[in-house]
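User: I am new to this structure and would like to know what the terms used for it rest on. Please set each value against its definition.

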Amino acid sequence: MDFLAMLKKAGFSDTQMVAETGFNSSPKTKGTLFRAFKAARAVEKNGKAGGDFLSKFQEFFDETYAQGALDRKTKHLIALGASLAAGCEA
Amino acid sequence: MQNDMTRDDLDKIEAGIRQKYFEVANTPDGKFQYPTGRKGLEILNYDKTLIDKLPNAVVSSYCGVGNPFSLGKINAGAKVLDVGCGAGVDTILAGMMVGPNGSAVGVDMVPEMIARAESNLKITGIVNVSFQNTAAENLSFPDDTFDVVISNGVINLIPDKEAVLAEIHRVLKPGGHLMVADQIAVSNVQKDIKARLANWFQ
């Protein structure tokens with residue numbers, strides 16, 4: 001399991017490998033910068049069911065917007081465009 | 001993740017890490033494959049105005065593998081935890097960033113590193129920073145304590161990474177930010193203890 005997968009398993013969201021640092025401890029490892037967030041989920045404390053549902057939704061959301069062939073920003077902009085075209089003004 | 005490791009393997013890894021950092025606590029010079037001390041901080045683009053405020057003895061003890069502060073801003077008044085703080089250079093810098101209304105705590109399992117961190121802190125005269133000799137897998141803080149957790153070149157050394165990450169997640173406030181610089185394996189790490197002691201991440 002790589003580090004990003006471990007972060008997700010521990011419950012982090014918006015996990016991201018940002019850059020290499022150039023400070024490598026051995027020829028087999030490389031210095032790398034990572035960031036992640038603990039999701040802000042105030043509703044979770046209201047009950048387990050709500051928490052489970054929200055964490056599933058958060059997983060879906062994270063997976064949808066994960067860096068892939070398209071980067072995160074592009075995906076968000078496409079989603080914004082689609083929402084506006086659909087008449088969603090919320 | 002560690003099911004191919006025996007208790008004996010884990011003990012050897014921990015003993016090896018304790019021995020290495022017992023020596024690093026004195027000086028990191030010549031003990032790493034990358035620049036340490038002031039040179040390391042400069043190459044990694046740490047904030048020069050903050051570094052210039054630190055005594056040489058503090059700066060020279062730096063042996064991080066990256067600049068976690070490059071990953072996001074730390075606000076004034078924030079509470080910061082440094083996991084595996086070593087000689088405490090990042091912790092002290094975090095204390096300077098958060099200012100008098102914030103605080104920074106460093107934890108490290110190696111008592112000699114904590115002693116060095118405390119002597120470093122003493123000569124800076126900074127008062128909003130503290131250190132604890134604690135293992136990262138078993139933190140003493142309540143849930144939802146910190147705004148930011150930083151870690152620099154440490155998690156790769158800890159066999160039970162899941163336990164460490166679960167603890168970090170627990171002590172972060174909702175919306176809190178984890179900023180990590182660490183070593184990751186480029187290819188499969190050799191399955192022998194010696195290689196793992198030098199560095200292992202899997």
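Analyst: Chain A and chain B bury about 3100 Å² between them, 65% of it on carbon and sulfur atoms. Buried area here is the accessible area (1.4 Å probe) that two parts lose on being put together, summed over both. A:Phe23, A:Lys28 and A:Lys38 supply 28% of the area that chain A buries against chain B, more than any other three residues. This is a predicted model, in which local features need pLDDT of at least 70 and side-chain atom pairs count only at pLDDT 80 or more, while totals for chains, interfaces and linings use all residues. Residues are numbered from 1 along each chain as its sequence is written, chains are lettered from A and ligands numbered from 1 in the order in which they are written, and side-chain values use heavy atoms, with hydrogens and water left out.

User: How many residues of each chain take part in the contact?

Analyst: Chain A gives 30 residues and chain B gives 44, where contact means heavy atoms within 4.5 Å.

User: What makes the meeting of A:Lys38 and B:Asp144 a salt bridge?

Analyst: The term requires a side-chain nitrogen of Lys or Arg within 4 Å of a carboxyl oxygen of Asp or Glu. The side chains of A:Lys38 and B:Asp144 meet at 2.9 Å, N to O, so the pair satisfies the rule. The count between the two chains is 2 salt bridges.

User: Why is strand S2 of chain B called largely enclosed?

Analyst: Buried means under 20% relative accessible area, exposed over 50%, and partly exposed in between (1.4 Å probe, protein chains only). In S2(B), residues 103–107, 4 of the 5 residues are buried, so the strand is largely enclosed by the rest of the structure. Strands are DSSP runs (E, at least two residues), and helices are runs of H or I with at least four, numbered from the N terminus.

User: How do you know that S2(B) pairs with strand S1 of chain B?

Analyst: Pairing needs at least two DSSP bridges between two strands. S1(B), residues 79–83, is joined to S2(B) by 5 bridges, and they run parallel, so the condition is met. B:Asp82 stands opposite B:Gly106 in S2(B). S2(B) also pairs with strand S3 (residues 129–132) of chain B, in the parallel sense over 4 bridges.

User: Why does B:Thr134 count as buried?

Analyst: B:Thr134 has 15% relative accessibility, so it falls on the buried side of the cut-off. B:Thr134 lies in the loop between S3 and strand S4 (146–152) of chain B. Residues that B:Thr134 touches include B:Val107 and B:Leu139, not counting those up to four places away in sequence.
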